[in-house]
Amino acid sequence: MLRIEKVAGKDVLMESEIPFLKLFKKGKVREVYELGDYLLIVATDRISAFDVVMKTGVPSKGIYLTQQSAFWFKFIKEHGFSTHFVSDDVEEIAKITGEKRLLDLPWLKGRVMLGKRAEVLPVEAVCRFRIFGSAVSALKNNTWIWDKIEADDFSEGSLIKNGPIFTPTEKSETDDKITFDQMVTLIGSKETAQQIKETTIRLFKLCRDYALENFGFEIADGKVEYGFIDGVLSLVDETFTSDSARFIPDKSKEVFRKWLTDHNLRKVAAVLPDEVAMMVSDLYRSQCQDMKIKL
Ligand SMILES: Nc1ncnc2c1ncn2[C@@H]1O[C@H](COP(=O)(O)OP(=O)(O)OP(=O)(O)O)[C@@H](O)[C@H]1O
Ligand SMILES: [Mg+2]
């Protein structure tokens, strides 16, 4: 059901509905529809944290996320990486797929991406240049299960001198951290696991360098996902967005996670005060502005 609510006097898209398309998957944030050989990925304004979806949406969040992702997908495609990304332009999508009825859905604009359908691998390819949060605790408690890191100290934000370090987790309800060998078992191929690790490290270096030089912010850590498209390992889902990465200065969901933690609302489907929803909206918009995205 199409559900558009008001938050701080602004529209928020809480749920999409495209009556003439079959729903392929409803995630915490996105609704994914089947469209011929492709998938139509709609980013709503829902926000999740600690695996729980909030009761309140964040104005324009789906647009900001889609635009950030589209920028990076275009950029990494130009640098020879295979990705699922086809287009984020509704008119172009209508042309490619022949589905002209998409043009009658004004709320889609800016928040939709046409992607090639992939068999998504059950791994979150997390990669870090700096240590934060769970990584700091793992290093301090001696439960770090990945490649050894070199750093001056194990405090919040410490730079990993031999970074980036690949720190995968399992794509599941709990996002448990997994060793490289566990990842091999999970996806059933050592060769693919090695390719994911190498590709991720190469990708993170490329994008961090580009962001530092051209946009003046640093990518501190983040996660990407992979799937096979026609037998080729490809990047899917989203890349270096405010939902999936952490930046310096930080304009990512971390700021919201901290707010929830400070207010004892971890793992709660919270109702957000208008000013908090707007704080997050402004933060994501500001990240787009830093990336010189025209909104
Ligand atoms: N090209 C693709 N082919 C198939 N599935 C994809 C593709 N790109 C993204 N997806 C999947 O679509 C879903 C996007 O929805 P969303 O990001 O809201 O999900 P999520 O709540 O983060 O995670 P999940 O539902 O996977 O637990 C994800 O499950 C993602 O893996
Ligand atoms: Mg997701």
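## Helix pairs, domains and a ligand shell

Helices α1 and α7 are roughly parallel to each other, because their crossing angle of roughly 25° falls under 35 degrees. The model is predicted.

**The α1/α7 pair.** The crossing of these two helices is left-handed. On the α1 side, the contact uses K61, Y64, Q67 and Q68. From α7 come S281, Y284, R285, Q287 and C288. By class, the residues of the α1 and α7 contact split into 3 nonpolar, 4 polar and 2 charged.

**The α4/α5 pair.** Helices α4 and α5 cross at roughly 125°. That angle is neither over 145 nor within 65 to 115, so α4 and α5 are oblique to each other. The crossing of α4 and α5 is right-handed. F180, M183, V184 and I187 of α4 make the contact with K190, T192, A193 and K197 of α5. The residues of this contact divide into 5 nonpolar, 1 polar and 2 charged.

The table sets out the geometry of both pairs.

| Helix pair | Residues | Axes come within | Crossing angle |
|---|---|---|---|
| α1 and α7 | 61-78 and 274-290 | 9 Å | roughly 25° |
| α4 and α5 | 180-187 and 190-214 | 8 Å | roughly 125° |

**Domains.** The domain assignment gives domain 1 (3-117 + 263-290) and domain 2 (123-236). Domain 1 is thus written as two segments of the chain. The C-alpha centres of domain 1 and domain 2 are 24 Å apart. Across the boundary, 12 residues of domain 1 are in contact with 14 residues of domain 2. On the domain 1 side, α1 and β9 are the elements that give two or more residues. Helix α1 supplies the largest share of that side, 3 residues. The side of domain 1 that touches domain 2 holds 4 nonpolar, 5 polar and 3 charged residues. Helix α1 therefore has two roles in this description: it meets α7, and it contributes to the side of domain 1 that touches domain 2.

**Ligand 1.** A shell of 17 residues surrounds ligand 1. The closest are G27, K28, V29, R30 and H84. Three elements give two or more residues to this shell: β4 (30-35), β9 (112-116) and β16 (218-229). Strand β9 also gives two or more residues to the side of domain 1 that touches domain 2. Both domains take part in the shell, with at least three residues each from domain 1 and domain 2. The shell around ligand 1 comprises 6 nonpolar, 4 polar and 7 charged residues.

Notes. Residues are numbered from 1 along each chain as its sequence is written. Chains are lettered from A and ligands numbered from 1 in the order in which they are written. This is a predicted model: local features need pLDDT of at least 70, side-chain atom pairs count only at pLDDT 80 or more; totals for chains, interfaces and linings use all residues. A residue is near a molecule or strand if its C-beta atom, placed from the backbone, lies within 6 Å of it. Helices (H or I, at least four residues) and strands (E, at least two) are DSSP runs, numbered from the N terminus. Ala, Val, Leu, Ile, Met, Phe, Trp, Tyr, Cys and Pro count as nonpolar, Asp, Glu, Lys and Arg as charged, and the others, Gly among them, as polar. Domain bounds come from an automatic or database domain assignment. Axes are lines fitted to C-alpha atoms, for helices over the stretch in contact, and angles run from 0 to 180 degrees between N-to-C directions. A crossing is left-handed if the near helix is turned anticlockwise from the far one by less than a right angle, and right-handed if clockwise. Two residues are in contact if their C-beta atoms, placed from the backbone, lie within 7 Å.
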